[in-house]
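The exercises below are to be worked with the sequence and the model side by side. Each task is followed by a solution in steps.

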Amino acid sequence: MHLSMGGYRVSFGTLGAVAGLVLAALLTPLNLYLTHMLVRTVPPVLAVACLLYLAATRTPSVDRIATLPRWAVHALPGVVFLGAAGLIALSVLTGGRGPAFYAITILLSVLVFVQIALVPERDLSVGLLLGQVLALGFVVRFAGLLGSAGYVGIDVWVHMPQYVQGILAAESLEGMGRTKYSAAPLYHLSVVAATLLTGVTPRLALFGSIGVAMVVAPLLVYLTAARFADPRWAVFATAAYSISDFVVVWSIHIIPTSLGLLVFLAILLLFVRIQQHGARPAEIALLIGLMFAMALTHQVSAFIMLVLFGAGSLAQIGLNAGGLRRRLFSGEGSSISIHSVHGYSAFALGLLMLVWSMTPWGERTFTEAVVVVLWGSIEGSGLFDRSDAAGAASGGEPGSFLGETLIPLIDHTGFLVFLFGTVVGSLYLLGRERTSQPGLTLIVAAGVMMVFTLVPPLFGLRNFLPGRWFAFLYAVMAILTAVGFDRLRRDCSPQVLAAVVLVFALTFSGGMVLASDATQDAPAFPEENVRYGYSPAEVTAMETLVETTDSSAENPIYSDSPYTSVLNRYGGEERFSSATVDGEPPDHETIVYRDYQRDGAPRFETADGRDHVRQTNIEEMCGTRTIGYDNGDVTLCER
């Protein structure tokens, strides 16, 4: 698209790049008021992406491209498959994932990216490349799943032992009790069905159904990206999405969000197809069925689906700007094919309002509770108090360089590299001679989802659960990144392209594989990041403590977090609480100590009620208390 003014034609991509540079300059002073890592890093990444686009589009397209030597083309696939097999052996020998596992994973990921980008056209095999992506993704996920006893994470301990087991015991949805998931039980019914059909335990049924589906889910990203870019770069998007931190999170912490992500990826593919070619009756029926499936799976995922449809409506409105459109677009705008999507947005909104109005949440409906909770959070966040807003967003106490700077930088590296690719791809979509409605939909969706994900937490608002959004956002970002690299390969010199690919592969792989969220089962920095995977002794103790101890919310048993959270969810009652450990022995009647508190990153409360990570030992925790239970790893001591 071009803007026509006084006989001059200016590409919208160029205008977008200039606007991006201005925005980067305007965001830079925020460093004086907010100390969040993204506030410091987003402006330079945005500026570099815009400058690269401007440089690439002002140089003639190149006939020669960078390629790998022939020996590497034939050798690297075998290295990746052999390395994946080695990772399986390593995880079995070491009991899960660890530093060596992560180092090899990063190396193999880099080799996959390099192959995708630099294999000569005559040797390109999309099937072989996708096979490597899926093999590596399978090993990463199932090494995390099977390397921990029970389940990885926190919320899964209420979905599986309480809801799924409740349905199996009662042979009815009534076994779930009064919960918001009684109106969104598709995840639980899927696991129940897999359990009954296969005869295995619910845990293995979960891993073998939704867990396996999460391995192949990136193929939906490939099918969507292939509608915008060459197959080579669609595979590139698939590889990037497969190892993304939050995608790995919902592949090892398998909860309704995981199933919601699967449904979203299918909706995204179908929505793009409908905007490109128009809707057929079968596609409309399938899309409506997927909307119902999403409404019955997960409320946050359903809201993200609504954002996608809303982005499509905004893109359609922008392309149907009437006289303004005819004046701005130099003739070619009128040839853009536009298909109405307002009906899908309206139907999705009406469906969700209907379902949510019947969904229980405490003593209210889900809709009422969300409004009440959100407004209460806004009032208590200091959003309307300028004197407090900056302080609330600036973070807590200073800590070590590792915990204060290095780990947050690693955690955000993958997103920043994705942002770079997204900006370049978006500018190329805007700068093409003939843009498309689904392309604009992706750009709008990425922008709106970033606002929901990044802005509210800066002011202390986390009601939209930003951690749940990233895996959905990454699907859109991966597709836009594929478009960006597809065009850079044609516009950049071989040396520049090779440099960009190598930097992307190294930084993206390293950041995503080592990120705190991607390593919840076995943190890459175990003394700084909390472990959400559990040993067999910890799971055994969990069952014993819930069944044999007598406590309540008023008189709880104290331990570290997240172990107390898991105990509460597993038992279905708030009977365990975080201990106060802050320089003095804890003054509690009954305490649960586990060896993880000695050498891991357990979270306790300080004397003034804040959370902090602090290592301790059994002498400090139990003192002279009587030992009531001890399995060698977990100890219950009481006065």
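**Exercise 1.** In this predicted model, find which residues Ser551 touches, not counting residues up to four places away in sequence. Then decide whether Ser551 is buried or exposed.

*Solution.*
Step 1. Locate Ser551 in the loop between α23 (536-548) and β5 (557-559).
Step 2. List the contacts of Ser551 beyond four places in sequence: Pro556, Ile557 and Arg575.
Step 3. Look for a polar contact: the side chains of Ser551 and Arg575 are joined by one of 3.1 Å.
Step 4. The relative accessible area of Ser551 is 11%. Buried means under 20%, so Ser551 is buried.

**Exercise 2.** Treat Ser559 in the same manner: which element holds Ser559, and what does Ser559 contact?

*Solution.*
Step 1. Ser559 belongs to strand β5.
Step 2. Setting aside neighbours within four places in sequence, the contacts of Ser559 are Thr564, Ser577, Ser578, Ala579, Val592, Gln597 and Phe604.
Step 3. With Gln597 there is a polar contact, side chain to side chain, at 3.4 Å.
Step 4. The relative accessibility of Ser559 is 0%, so this residue counts as buried.

**Exercise 3.** Which residues touch the most other members of the largest nonpolar core, and which element gives the most to this core?

*Solution.*
Step 1. The largest nonpolar core has 190 residues, and Leu206 and Tyr241 touch the most other members.
Step 2. The element that gives the most to this core is α21, with 16 residues.
Step 3. Now take the contacts of Tyr241, not counting residues up to four places away in sequence: Pro218, Val221, Val247, Leu261, Leu265, Phe418, Ala471, Tyr474, Ala475 and Ala478.
Step 4. Keep apart a second, separate core of nine residues, among them Val581, Tyr593, Cys622 and Cys637.

**Exercise 4.** Describe the second largest pocket: what is its volume, how many residues line it, and which element gives the most to the lining?

*Solution.*
Step 1. The volume of the second largest pocket is about 1,000 Å³.
Step 2. Its lining is made up of 37 residues, and those nearest its centre are Lys180, Val300, Trp361, Phe366 and Leu465.
Step 3. Sort the lining by class: 20 residues are nonpolar, ten polar and seven charged.
Step 4. Elements that each supply at least two lining residues include α6 (156-170), α12 (256-277), β3 (360-361) and α24 (563-571).
Step 5. The most comes from α17, with six residues.

How values were computed: Residues numbered from 1 in each chain as written. Predicted model: local features only at pLDDT ≥ 70, side-chain atom pairs only at ≥ 80, totals over all residues. Heavy atoms only, no water. 1 Å grid on protein atoms, 1.4 Å probe; cavity = no way out; pocket = protein on both sides within 12 Å on 5 of 7 lines; lining within 4 Å. Points joined across faces, edges and corners; volume = space filled by probe spheres on them. Helix = DSSP H or I, 4+ residues; strand = E, 2+ residues; numbered from the N terminus. Nonpolar A, V, L, I, M, F, W, Y, C, P; charged D, E, K, R; others polar. Buried < 20%, exposed > 50% of the residue type's maximum accessible area, 1.4 Å probe, protein only. Polar contact = N/O pair within 3.5 Å; in protein donor to acceptor, adjacent residues only side chain to side chain. Contact = heavy atoms within 4.5 Å. Core = buried A, V, L, I, M, F, W, Y, C linked by side-chain atoms within 4.5 Å.
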